[in-house]
Every structure is written in structure tokens, then in C-alpha cells.
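Q: I'd like to learn how to read a model like this one. Can you walk me through it?

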Amino acid sequence: MPPTAADYDSLLRRLRDLEDKEALRALLIQGWRALDRKDWRTWIACWADDAVLEFGPWEEIHGRDAIRATVEAAESPYPSMQHHLLNMHFDIDGDRATGIGYMWFVAVTEAGKTSSPYAMGGPYDWEFRRGPDGWLLTRQRLGVRWTQGEDALKAFG
């Protein structure tokens, strides 16, 4: 029996879902690798103008410019850092999406002293919106569940 129009429609919906999930994963990976390079312009381009950042130690931050300023001020002093995005999962609903994952952040707090980095981890909750140029992050909630070492720079306290 040859495929029906309904079969093709189902296939197209599933393909679009997979493409959207991969686009969201790529958006976050591109952005957070840029964050590690302190390429603030590339990182903040992943966020919508009206985005909101919720992070445990900080007040809720509204707007792309305020998010960039806050994160740049906190993370610029670190000589080196790595943001790991783990166990990401996304749900697509038309031009909106939600996602979950885990953060594992590791940073060198003093140049030349790589043997005792500061690390922290916790859950991410994301919300996204698709626009004319693709997906953008509209809300990020980040909780800190554990830390290791001393944050000598006190950037997150």
C-alpha cells in the first residue's frame, strides 16, 4: 500500500520537530561556547530583546542589554571558564518551545592557578520563541544545586 497524504503530513511534522530541537540545541551550544570565549556579542545574540534571566543569587534580570551587562560583569574577571550543557530536552509547540537541561560551570579564578578551579551546577529551564530569523531564548531559569572550590572572585554570591 503506497503512503497516503496523512503519512506524508505525519512525516513532515516529525521532521520539523527534529529540526527545531536540533536548532535549539545548536543555539545554546553556539551561545555558551561564545560565553566561554567571552564573545559577549555572539552570546547575547541568542537572546530575545525582551528576554528574562532568573538566576538564584541575582534578582530577576529583564532585557537583553541588562542580561549582557550583568553576565559580562560577573564572568569577565575569570581567566578561563567552561559552561557545560548536559541532558538537554526540548518540547516544541509551534513557534514556542521549552527546554530543560543541566549546567556544569567550571572556572579558573586566578591566572596560572588551574589546580583549584571553582565549579557549580544545577538545572536549567528555558523558554524559546521562533522569529523571522530563527529561535531565540526568551527566559532562562538557572538554579545552583552544588558548588565546589572557592569562588575567590565572588561573582555569583
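A: Let's start with one contact: a polar atom of the Arg130 side chain lies 2.8 Å from the backbone oxygen of Gly94. A polar contact is a pair of N or O atoms within 3.5 Å; within protein, one must be able to donate a hydrogen and the other to accept it, and residues adjacent in sequence count only if both atoms are side-chain atoms. Before we go on: this is a predicted model, where local features need pLDDT of at least 70, side-chain atom pairs count only at pLDDT 80 or more, and totals for chains, interfaces and linings use all residues. Residues are numbered from 1 along each chain as its sequence is written, and side-chain values use heavy atoms, with hydrogens and water left out.

Q: With which side chain does the side chain of Arg130 make a polar contact?
A: With that of Asp95, at 2.6 Å. For plain contact, the rule is heavy atoms within 4.5 Å. Skipping neighbours within four places in sequence, Arg130 touches Arg16, Asp20, Gly94, Asp95 and Trp135.

Q: Is Arg130 buried or exposed?
A: Buried means under 20% relative accessible area, exposed over 50%, and partly exposed in between (1.4 Å probe, protein chains only). Arg130 counts as buried because its relative accessibility is 17%. Arg130 sits in strand 5.

Q: How many helices and strands are there?
A: Helices (H or I, at least four residues) and strands (E, at least two) are DSSP runs, numbered from the N terminus. Here the protein chain has 3 helices and 7 strands, in the order α-α-β-β-α-β-β-β-β-β.

Q: Which residues have the most contacts inside the largest nonpolar core?
A: A nonpolar core is a set of buried Ala, Val, Leu, Ile, Met, Phe, Trp, Tyr and Cys residues joined through side-chain atoms within 4.5 Å. The largest one here has 38 residues, and Trp43, Trp47, Phe128 and Phe156 have the most contacts inside it. Helix 1 is the top contributor to this core, giving 6 residues.

Q: What is Phe156 in contact with?
A: Beyond neighbours within four places in sequence, the partners of Phe156 include Phe55, Trp58, Tyr78, Phe105 and Met120.

Q: And the whole chain?
A: Of the 157 residues in the protein chain, 39% are buried. Among contacts with a separation of 6 or more, 59% join residues 24 or more positions apart. The C-alpha atoms fill a box of roughly 65 × 30 × 25 Å along the principal axes.
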